[in-house]
Amino acid sequence: MSDTILVALIGLAGSGAGAFGGILVSSKLTQYRLEQLEKKVQAHNSLIERTYKLEERSELQEEKIRVVNHRIEDLESALRDQEKGG
């Protein structure tokens with residue numbers, strides 16, 4: 001086998017190994033970045049869920065306050081009516 005062919009084959013093998021190594025490194029980096037994005041999305045979704053629950057609690061508390069205010073108004077009205085009559 002001539003020296004030229006041997007050098008060409010060694011060069012081809014080196015180029016192939018380099019390209020394959022580059023693909024592996026790029027794939028690992030892409031996988032890592034995807035995992036990091038998934039963690040961020042999970043944290044965001046958790047925040048959205050907590051915010052939704054807080055909004056539900058807030059609405060419930062506001063409804064309770066409205067009911068209490070209505071009951072206070074009814075009691076004040078009954079007391080005024082009692083004072084007028086008695």
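Start by selecting arginine 66 and glutamate 63, which sit 3 residues apart in helix α1 and are therefore separated by about one helical turn. The model on screen is a predicted one, and in it the side chains of these two residues, arginine 66 and glutamate 63, meet in a salt bridge with an N to O distance of 2.8 Å. The structure holds 1 salt bridge, so that a search under the criterion of a Lys or Arg side-chain nitrogen within 4 Å of a carboxyl oxygen of Asp or Glu should lead you back to this pair. With both residues still highlighted, turn on the surface: arginine 66 counts as partly exposed because its relative accessibility is 48%, and glutamate 63 is likewise partly exposed, with a relative accessible area of 38%.

Next, select Glu55, Glu56, Glu59 and Glu62, which gather on the surface in a patch of negative charge. Pick out glutamate 56 from this group; glutamate 56 has its place in helix α1, and at 41% relative accessibility it counts as partly exposed, since that class lies between the 20% limit for buried and the 50% limit for exposed. To set the patch against the whole chain, colour by charge: there are 12 positive and 14 negative side chains, and the centres of these two sets lie 6 Å apart.

Now move to the beginning of the chain and select Met1, Ile5, Leu6, Leu9, Ile10 and Leu12, which make a nonpolar surface patch of about 670 Å². Two of its members deserve a separate look. Leucine 6 is placed in helix α1, which covers residues 3–85, and its relative accessibility of 42% is why leucine 6 counts as partly exposed. Leucine 9 is found in helix α1 as well, and leucine 9 counts as partly exposed because its relative accessibility is 44%.

Keep leucine 9 selected, add histidine 70, and draw a distance between their C-alpha atoms: the two residues are 61 apart in sequence and 91 Å apart in space.

Finally, zoom out and show the chain as a cartoon, where 1 helix and 0 strands appear. The radius of gyration of the chain is 37 Å, well over the 12 Å that the globule rule gives for 86 residues, so the chain is more spread out than a compact globule. Aligning the view with the principal axes brings out the extents of the C-alpha trace, which spans about 125 × 10 × 10 Å.

What percentage of the 86 residues in the chain do buried residues make up? Colouring by relative accessibility gives the reply, for buried residues account for 0% of the chain. As a last display, show the accessible surface of the entire chain, which comes to about 8,100 Å², with 61% of that area belonging to carbon and sulfur atoms.

How values were computed
Residues are numbered from 1 along each chain as its sequence is written. This is a predicted model: local features need pLDDT of at least 70, side-chain atom pairs count only at pLDDT 80 or more; totals for chains, interfaces and linings use all residues. Side-chain values use heavy atoms; hydrogens and water are left out. Patches are made of residues with over 30% relative accessible area and no salt bridge: like charges are joined within 9 Å, nonpolar side chains (Val, Leu, Ile, Met, Phe, Trp, Tyr) within 5 Å. Accessible areas come from the Shrake-Rupley method with a 1.4 Å probe; for residues, only the protein chains shown count as cover. Helices (H or I, at least four residues) and strands (E, at least two) are DSSP runs, numbered from the N terminus. Buried means under 20% relative accessible area, exposed over 50%, partly exposed in between (1.4 Å probe, protein chains only). The radius of gyration is taken over C-alpha atoms; the globule rule is 2.2 Å times the number of residues to the power 0.38. Lys and Arg count as positive and Asp and Glu as negative; His and the chain ends are not counted. The place of a charge is taken as NZ of Lys, CZ of Arg, CG of Asp or CD of Glu.
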